[in-house]
Amino acid sequence: MNVRSLLLLSATALVVPVAALAQDARSDPAAPAPVHARARATAYIELDQAVVADLNRDDTVAYAQVAAGLDASIATARAQGQVSYRYERRIAEQGRYGDNDIQTGLARLSYRVARPLTLEAGAIATRTRIDVRGAAPAITDTADASNVTQLYSLYAGPTLSTHAGPVELGASYRFGYTRVEAPGVAGLAPGSPRLDYLSDSTGHEATVSAGIAPRRVLPFGVTLSGGYARETAGQLSQRYEDYFGRGDVLMPLTGTLAVTAGVGYQHVEISQKDAALDAAGTPLTDRNGRFVTDQASPRRIAYDTDGLIYDAGVVWRPSPRTSLTATVAHQYDSTSYTGEFDWKIDRSLTFRAAAYDGIETFGHQLRHGLQGLPTSFVVQRDSFGQQFNGCVYGDGAGAGGAGGCLNDVFQSITTAGYRARGVDAVLSASRGYNRFGVGAGYSNRRLFSPRTAPGLSLYGLDNDSYYVQGLYSRRIDRRSTFDASVFANWYDSAVPGANGSSGDVFGTGATGAYTRSFGRLGATAQLGLYYFDQQHYLDQLSAQALVGARYQF
């Protein structure tokens with residue numbers, strides 16, 4: 001099964017339940033549903049004409065675009081979900097870009113099968129950067145854009161929540177799959193060593209828990225839990241395993257404040273095989289630019305930790321609209337700080353901030369990022385191919401609150417495991433005819449690789465990234481809308497570049513779009529201005545303009 005078939009199958013698997021649930025919501029008057037239960041779906045086709053200008057080098061590219069897409073959502077007492085998918089065919093007319101296909105989409109679905117059982121699923125298709133050292137082009141919608149590739153990922157699984165007397169029981173399972181197309185040109189300075197670019201990965205994760213709430217039996221609450229996660233990648237036969245067991249107590253101090261403490265055991269191991277080498281000791285690569293795995297090599301340990309883990313923290317919930325958790329822990333042989341703050345300021349203004357720390361692989365972190373996105377989200381009217389590769393904002397109509405950012409995941413695409421630490425913050429708001437969102441954060445990756453493996457070693461090297469994004473949308477009147485977005489990203493890597501050097505990469509840009517509808521037919525005009533600076537190697541200032549027409553079914 002090729003990638004396009006896989007994506008279409010995934011999209012169908014997520015769209016069909018939404019359509020079926022929508023039919024169920026309409027045809028079953030006895031089904032439980034909130035007063036404002038709703039289901040809608042809109043399909044469209046689109047024709048566009050675009051021009052891209054490299055303002056540094058006086059180079060112009062023109063292409064035509066044919067697109068088809070679907071936007072669907074449902075919100076009932078049992079189901080919350082949204083799907084946005086778009087397929088584009090670019091037809092080159094002038095300049096160096098060739099014909100190519102682009103797919104972008106996001107799907108999130110939660111369905112309560114019965115009172116104790118919920119099914120959850122999500123999928124994403126987008127274009128994103130490959131190598132943290134490489135170019136940072138904002139215009140990612142061309143076949144030969146440097147350091148950009150097409151990515152697909154999905155996950156699904158059940159969650160069980162029930163009780164036996166005073167004991168609350170919980171269990172969950174998640175399956176995930178991620179596929180990355182051939183990396184192609186990485187936009188690196190000549191002489192830069194090639195990294196282990198991910199091809200695909202498959203993941204499984206299961207958790208169980210049993211607990212008693214405070215004041216049900218004892219003055220404090222007690223929870224026992226355990227879990228197992230496994231991720232396998234095709235590149236270098238990488239394997240990630242994590243299992244744990246622990247006990248936690250929750251002691252209320254006041255009606256709004258409690259303290260927590262926990263202790264347990266955890267084992268995390270990441271291993272892989274060697275890359276095959278040529279006579280000079282240089283890793284061999286296949287036609288897609290990925291390392292060739294030496295199947296005869298022993299399995300080498302890239303990261304391994306096991307032993308006692310313990311933590312303590314506070315939980316503060318002054319109102320149903322505000323909650324804060326903060327924890328300090330001993331794990332991964334060091335001190336770890338995590339926390340989360342959610343604040344629903346009013347019915348249309350929501351803020352969320354989180355600090356995280358964990359041992360990850362790309363596929364595992366992306367799956368958790370998808371799970372954290374809202375089931376009702378804002379879809380930007382963006383024909384430049386920048387959808388869903390950064391912050392996703394909640395629209396206030398469903399579960400998920402402010403939204404979430406995937407910038408930390410898409411910092412770069414590598415098979416190597418890493419320790420991920422950072423902070424994210426998202427603000428989402430709607431005021432009358434105005435809607436806006438802001439996301440910002442910092443991410444650090446400390447990479448792991450076998451210290452004794454031949455070829456390039458990444459052990460202990462750090463990648464840092466900082467990012468900020470903004471979205472603004474205004475409904476001018478019943479027929480017209482204005483949308484604008486702005487972003488800035490900065491990457492700093494200790495991974496060697498050309499001749500062992502490394503440097504900063506900075507990228508920024510802004511877009512604006514005006515849309516006018518004439519019944520089912522609509523017209524769009526969009527402009528974009530972008531800049532990136534790849535230290536010691538390349539910088540680029542570019543502009544893009546597009547006009548198009550869309551017909552909605």
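**Salt bridges, a disulfide and a cavity in a predicted model**

User: How many salt bridges does a search of the whole structure find?

Analyst: The search turns up 22 salt bridges across the whole structure, and please keep in mind that this is a predicted model.

User: Okay, so which residue does R86 form a salt bridge with?

Analyst: R86 pairs with E46, and the closest N and O atoms of the two are 2.8 Å apart. This pair links distant parts of the chain, since R86 sits in strand β3 (residues 79-94) and E46 in strand β1 (residues 38-54), 40 residues apart.

User: Is R86 buried or exposed, and what about E46?

Analyst: R86 counts as buried because its relative accessibility is 7%, under the 20% cut-off. E46 is buried as well, with a relative accessible area of 3%.

User: Which residues are linked with them in a network of salt bridges?

Analyst: The network of salt bridges links E46, D48, R86, E88, R90 and R550.

User: Moving on to R352, which residues does it form salt bridges with?

Analyst: R352 forms a salt bridge with E340, where the closest N and O atoms are 3.3 Å apart. R352 lies in strand β15 and E340 in strand β14 (residues 334-346), so this salt bridge ties together parts of the chain that are twelve residues apart in sequence. R352 also forms a salt bridge with D342, with 3.7 Å between the closest N and O atoms; D342 belongs to strand β14 and R352 to strand β15, and the two are ten residues apart.

User: How accessible are R352, E340 and D342?

Analyst: R352 is partly exposed, with a relative accessible area of 24%, and E340 counts as partly exposed at 32% relative accessibility. D342 is partly exposed too, its relative accessible area being 24%.

User: You mentioned β15. Which strand do twelve bridges join it to?

Analyst: Twelve bridges join β15 (residues 349-360) to strand β18 (residues 418-431), and these two strands run antiparallel. Within that pairing, T350 stands opposite S428 in β18.

User: And which strand do 14 bridges join β18 to?

Analyst: That is strand β19 (residues 434-447), which runs antiparallel to β18; R421, for example, has N444 in β19 as its bridge partner. The hairpin of β18 and β19 has two residues between the strands, and in this hairpin G432 takes a positive phi near 60 degrees.

User: Switching topic, which cysteines does a disulfide join?

Analyst: The count comes to one disulfide, and this link joins C391 to C405 with an S to S distance of 2.0 Å. The link of C391 and C405 is right-handed, with 95 degrees about the S-S bond.

User: What parts of the chain does the pair tie together?

Analyst: C391 lies in strand β16 (residues 391-393) and C405 in strand β17 (residues 403-405), so the disulfide ties together parts that are 14 residues apart in sequence. C391 is buried, with a relative accessible area of 6%, and C405 counts as buried at 10% relative accessibility.

User: Last topic: how many cavities of 30 Å³ or more are there, and how much space lies in the largest?

Analyst: There are ten cavities of 30 Å³ or more, and the largest holds about 540 Å³ of space. It is lined by 35 residues, of which N389, G390, Q469, F487 and N489 are the closest to its centre.

User: What is the lining of the largest cavity by class, and which strands supply at least two residues each?

Analyst: By class, that lining has 16 nonpolar, 16 polar and three charged residues. Strands β5 (117-129), β16, β20 (462-475), β21 (480-493) and β22 (504-518) each supply at least two residues of the lining.

Methods:
Residues are numbered from 1 along each chain as its sequence is written. This is a predicted model: local features need pLDDT of at least 70, side-chain atom pairs count only at pLDDT 80 or more; totals for chains, interfaces and linings use all residues. Side-chain values use heavy atoms; hydrogens and water are left out. A disulfide is a pair of cysteine sulfur atoms within 2.5 Å. Helices (H or I, at least four residues) and strands (E, at least two) are DSSP runs, numbered from the N terminus. Buried means under 20% relative accessible area, exposed over 50%, partly exposed in between (1.4 Å probe, protein chains only). Two strands pair if DSSP finds at least two bridges between them. On a 1 Å grid over the protein atoms alone, a cavity is a set of points where a 1.4 Å probe fits but cannot get out, and a pocket is an open set with protein on both sides within 12 Å along at least five of seven lines; lining residues have an atom within 4 Å of a point. Grid points are joined across faces, edges and corners, and a volume is the space filled by probe spheres set on the points. Ala, Val, Leu, Ile, Met, Phe, Trp, Tyr, Cys and Pro count as nonpolar, Asp, Glu, Lys and Arg as charged, and the others, Gly among them, as polar. A salt bridge is a side-chain nitrogen of Lys or Arg within 4 Å of a carboxyl oxygen of Asp or Glu.
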